[in-house]
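Here is a short tour of one protein chain, from its charged pairs to its empty spaces. Have the model open as you read.

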Amino acid sequence: ILIDLSHLIAAYNGTAEYALSLLHELHPLLVEEFDVCVLVHPVVEKYFGLSNLSLRILRTDSVIHARFDLAFVPQQVFSPFHLQRLNRLAVKWVINLQDVIALRCGYLRTADADFCLRFAAKHADGILSVTSSSLEDLRSFLGSDSFNGNGMSTAILHAYPEPANEGPKEIKGVPEGDFIFLVGNHYVHKAVSEA
């Protein structure tokens, strides 16, 4: 099994948090029964300290001759090159769809992203999503006949372990008076400036 993290950049964001959380939960479950490899860019491997974990790492900067029964990508694929690599490395591949914002927001939409999402919906052996509404949004956007009838599509909700009950903590740097706290990045569709 290949866990494909080649899409991650050396930055902490929601996509990285989700992918790394899945890696940390899935790897121990899979490694007892399967041969598991993680595909990652060397800069990203170093940034997130993946070499400190007991993972079998394949680096994107080397020639990969391995073949896998299954590749899992914990995000949607936006590059035709990435699709080509998945097809070359694995007999079957599954992607995880966060949302279709990259296609619904005109300034984010590219011909490559549009092609890749349509191709993946038609040809992936499975599409997972973080919510059932994201899957419905994909079906609505692409049309239900755009999905691979033989592939699996299901929602697996984001989940985190219960935090330890350590009592209230002081939060430093909170401004006095009225303020708005926004969680997210500064993409135009997040309306941060307007908020």
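## A charged network

R109, D114 and R118 are linked in a network of salt bridges. This is a predicted model, so read everything below with that in mind. Within the network, the side chains of R118 and D114 meet with 2.7 Å from N to O. Both residues sit in helix α5, four residues apart, or about one turn of the helix. How covered are the two partners? D114 counts as buried, since its relative accessibility is 14%, whereas R118 is partly exposed at 33%.

## Salt bridges between elements

The count for the protein comes to six salt bridges. One of them joins R59 to E45, with the closest N and O atoms 2.8 Å apart. R59 belongs to strand β3 (residues 57–59) and E45 to helix α2, so this pair ties together parts that are 14 residues apart in sequence. E45 is buried, at just 5% relative accessibility, while R59 is partly exposed at 35%. R59 has another link to look at: its C-alpha atom is 5.9 Å from that of P42, although 17 residues separate the two along the chain. P42 is placed in helix α2 (residues 42–47) and is partly exposed, with a relative accessible area of 22%.

Then there's D137 with R104, a salt bridge of 2.6 Å from N to O. D137 is in helix α6 (residues 132–142) and R104 in helix α4, so the bridge ties together parts that are 33 residues apart in sequence. Both ends are partly exposed: D137 has a relative accessible area of 27%, and R104 comes in at 44%.

## The overall layout

Zooming out, the protein has six helices and seven strands. Follow the chain and you get the pattern β-α-β-α-β-β-α-β-α-α-β-α-β. The C-alpha atoms fill a box of roughly 60 × 40 × 30 Å along the principal axes. Of the 195 residues, 37% are buried.

## The largest pocket

What is the volume of the largest pocket? It is about 1000 Å³. The lining takes in 31 residues, and N13, T15, Q75, F78 and Y187 lie nearest the pocket's centre. The elements giving two or more residues to this lining are α1 (14–31), α3 (80–89) and α4 (101–104). Of the elements, α1 gives the most, with three residues.

As for chemistry, the pocket lining holds 16 polar residues, 12 nonpolar and three charged.

## One cavity

A search of the whole structure turns up one cavity of 30 Å³ or more, and the space inside is about 30 Å³. Its lining is made of Q76, F78, D99, V100, A102, L103, A113 and L117. Here α4 and α5 (111–123) are the elements that give two or more residues. By class, the cavity lining splits into six nonpolar residues, one polar and one charged. F78 turns up in this lining and also among the residues nearest the centre of the largest pocket.

## A greasy spot on the surface

Finally, look for I171, V174, F179 and F181, which make a nonpolar surface patch of about 480 Å². F179 is found in the segment after β7 (152–155). Is F179 buried or partly exposed? It counts as partly exposed, because its relative accessibility is 47%.

Notes: Residues numbered from 1 in each chain as written. Predicted model: local features only at pLDDT ≥ 70, side-chain atom pairs only at ≥ 80, totals over all residues. Heavy atoms only, no water. 1 Å grid on protein atoms, 1.4 Å probe; cavity = no way out; pocket = protein on both sides within 12 Å on 5 of 7 lines; lining within 4 Å. Points joined across faces, edges and corners; volume = space filled by probe spheres on them. Nonpolar A, V, L, I, M, F, W, Y, C, P; charged D, E, K, R; others polar. Patch = residues over 30% accessible without salt bridge, like charges linked within 9 Å, V, L, I, M, F, W, Y side chains within 5 Å. Areas by Shrake-Rupley, 256 points an atom, 1.4 Å probe, with all protein chains shown as cover. Salt bridge = Lys/Arg side-chain N within 4 Å of Asp/Glu carboxyl O. Buried < 20%, exposed > 50% of the residue type's maximum accessible area, 1.4 Å probe, protein only.
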